[in-house]
Amino acid sequence: GECWLAYPKGMRFPTAFKKCYPMRGRGIVSNLLYWVNRFGLDRLLLRCEKLEEGLKFPVIDNVAFFWPAASRSTMRFYGYRVIGGRVVSYLKFARTEDEAKVLRKEFENTEKARQITGRSFEVPKPINFLDRNGDGFAIAEYEALPEDFANVSLDDAWISKIDEARAQITKIGLSHGDFMWHNFKASKNKLWILDWEELTEISETRPELTDEISFWTAMKHYNKGESFKSVCNEFKQKYFTDSSLKNQAFAALNSMASRGIAMGKILLKELEGDCK
């Protein structure tokens with residue numbers, strides 16, 4: 001009964017959709033829908049309707065829309081603009097006033113990240129932001145990633161490249177805020193960093209160690225598959241060497257936990273006894 005995706009009749013999916021169109025069902029559904037479209041079977045299997053009447057938002061040309069599961073979000077949905085068989089831009093749509101404010105902040109933060117001088121990483125270019133007279137509907141449009149983009153390889157060279165980028169951001173007094181593996185993409189030898197919604201200045205509420213701890217703990221546990229116990233033990237070895245460093249580390253965990261970022265909540269719960 002939920003809408004998963006919608007796209008203009010006759011749109012030919014670009015090859016990128018085969019690997020990256022982010023809908024439910026993981027890559028299996030993306031791959032299946034790609035071939036359904038390529039063979040023209042979508043005309044037989046999928047329903048045609050007037051999108052603007054059924055979903056209450058204005059028509060935008062040449063865009064394939066997709067919706068996250070309702071359990072994940074009902075305030076935002078997404079889209080790819082496809083022209084000449086290529087993805088030319090990526091769009092995010094807000095459906096409430098609060099979400100429109102978040103979307104605008106992310107748009108402005110992304111431009112701020114692009115202004116970091118001498119950076120060793122790439123940031124998608126913000127193209128346009130539209131806010132429909134404060135009624136809660138807003139659109140942020142960004143340039144598409146290069147066509148050859150892929151997930152970052154989990155090897156020492158890329159981990160080092162990511163850590164270098166983190167250090168550059170921290171050095172100028174900023175924190176990305178959600179510095180996790182799913183926000184990194186690779187194109188040839190270039191690192192792209194996405195989702196700058198949480199970008200802010202380092203402060204008491206956003207400690208300097210936040211990005212560092214977010215990155216390595218989540219990478220070790222979720223990406224490398226190391227046990228939670230192993231991550232906790234390494235955390236103690238890294239940050240419990242003196243009381244000052246320990247306090248900074250727990251301040252970072254509190255920041256992560258309060259925003260639901262990375263392993264903040266579960267690490268804080270496990271290690272809070274060591275904070276006393």
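**Exercise 1. Describe how β9 and β10 pair, and place them in their sheet.**

*Solution.* Start with the pair itself: β9 and β10 run antiparallel and are joined over 4 bridges. Here strands are DSSP runs of E with at least two residues, helices are runs of H or I with at least four residues, and both are numbered from the N terminus. Two strands count as paired if DSSP finds at least two bridges between them.

A word on the model before we go on. This is a predicted model, in which local features need pLDDT of at least 70 and side-chain atom pairs count only at pLDDT 80 or more, while totals for chains, interfaces and linings use all residues. Residues are numbered from 1 along each chain as its sequence is written, and side-chain values use heavy atoms, with hydrogens and water left out.

Next, look at the connection: β9 and β10 form a hairpin with 2 residues between them, and K188 in the turn has a positive phi of about 55°. Within the pair, F184 stands opposite I193 in β10.

Now widen the view. The open sheet has 3 strands in the order β7-β9-β10, with antiparallel pairing. Its edge strands, each pairing on one side only, are β7 (150-151) and β10 (190-193). Helix α6 (residues 156-171) packs on this sheet and touches β9 and β10, with its direction at about 50° to that of β10. Contact here means heavy atoms within 4.5 Å; axes are lines fitted to C-alpha atoms, for helices over the stretch in contact, and angles run from 0 to 180 degrees between N-to-C directions.

**Exercise 2. Which way do the side chains of β9 point, and are they buried or exposed?**

*Solution.* F184 and A186 point one way from β9, K185 and S187 point the other way, and all are buried. Buried means under 20% relative accessible area, exposed over 50%, and partly exposed in between (1.4 Å probe, protein chains only). On the β7 side, β9 (residues 184-187) pairs in the antiparallel sense over 2 bridges, and A186 is the bridge partner of A150.

**Exercise 3. Trace the sheet of 6 strands and follow β3 through it.**

*Solution.* First, write down the order: the open sheet runs β1-β2-β3-β4-β6-β5, with antiparallel pairing. At its edges are β1 (5-6) and β5 (126-131), each pairing on one side only. Helix α5 (residues 97-114) packs on the sheet, touching β3, β4, β5 and β6 (138-143), and its direction makes about 160° with that of β5.

Then take the neighbours of β3 in turn:

- Strand β2 (residues 63-66) pairs with β3 in the antiparallel sense over 4 bridges, and Y80 in β3 is the bridge partner of A64.
- Strand β4 (residues 86-94) is joined to β3 by 8 bridges, again antiparallel. Its S89 is the bridge partner of R81, and its K92 is that of Y78.
- The hairpin of β3 and β4 has 2 residues between the strands, and G84 takes a positive phi near 60°.

Finally, check the surroundings. Strand β3 (residues 76-83) has 7 of its 8 residues buried, so it is largely enclosed by the rest of the structure.

**Exercise 4. Work through salt bridges that link separate parts of the chain.**

*Solution.* The structure holds 12 salt bridges, each a side-chain nitrogen of Lys or Arg within 4 Å of a carboxyl oxygen of Asp or Glu. Three of them, step by step:

1. The side chains of R81 and E141 meet at 2.8 Å, N to O. R81 lies in strand β3 and E141 in strand β6, so the pair ties together parts 60 residues apart in sequence. Both R81 and E141 are buried.
2. R259 and E198 meet at 3.2 Å, N to O. Because R259 sits in helix α9 (residues 243-259) and E198 in the loop between β10 and β11 (200-201), this salt bridge ties together parts 61 residues apart in sequence. R259 counts as partly exposed, at 23% relative accessibility.
3. K220 and E234 also form a salt bridge (3.2 Å, N to O). K220 is in helix α7 (residues 210-223) and E234 in helix α8 (residues 228-239), 14 residues apart. K220 is buried at 18% relative accessible area, whereas E234 is partly exposed at 21%.
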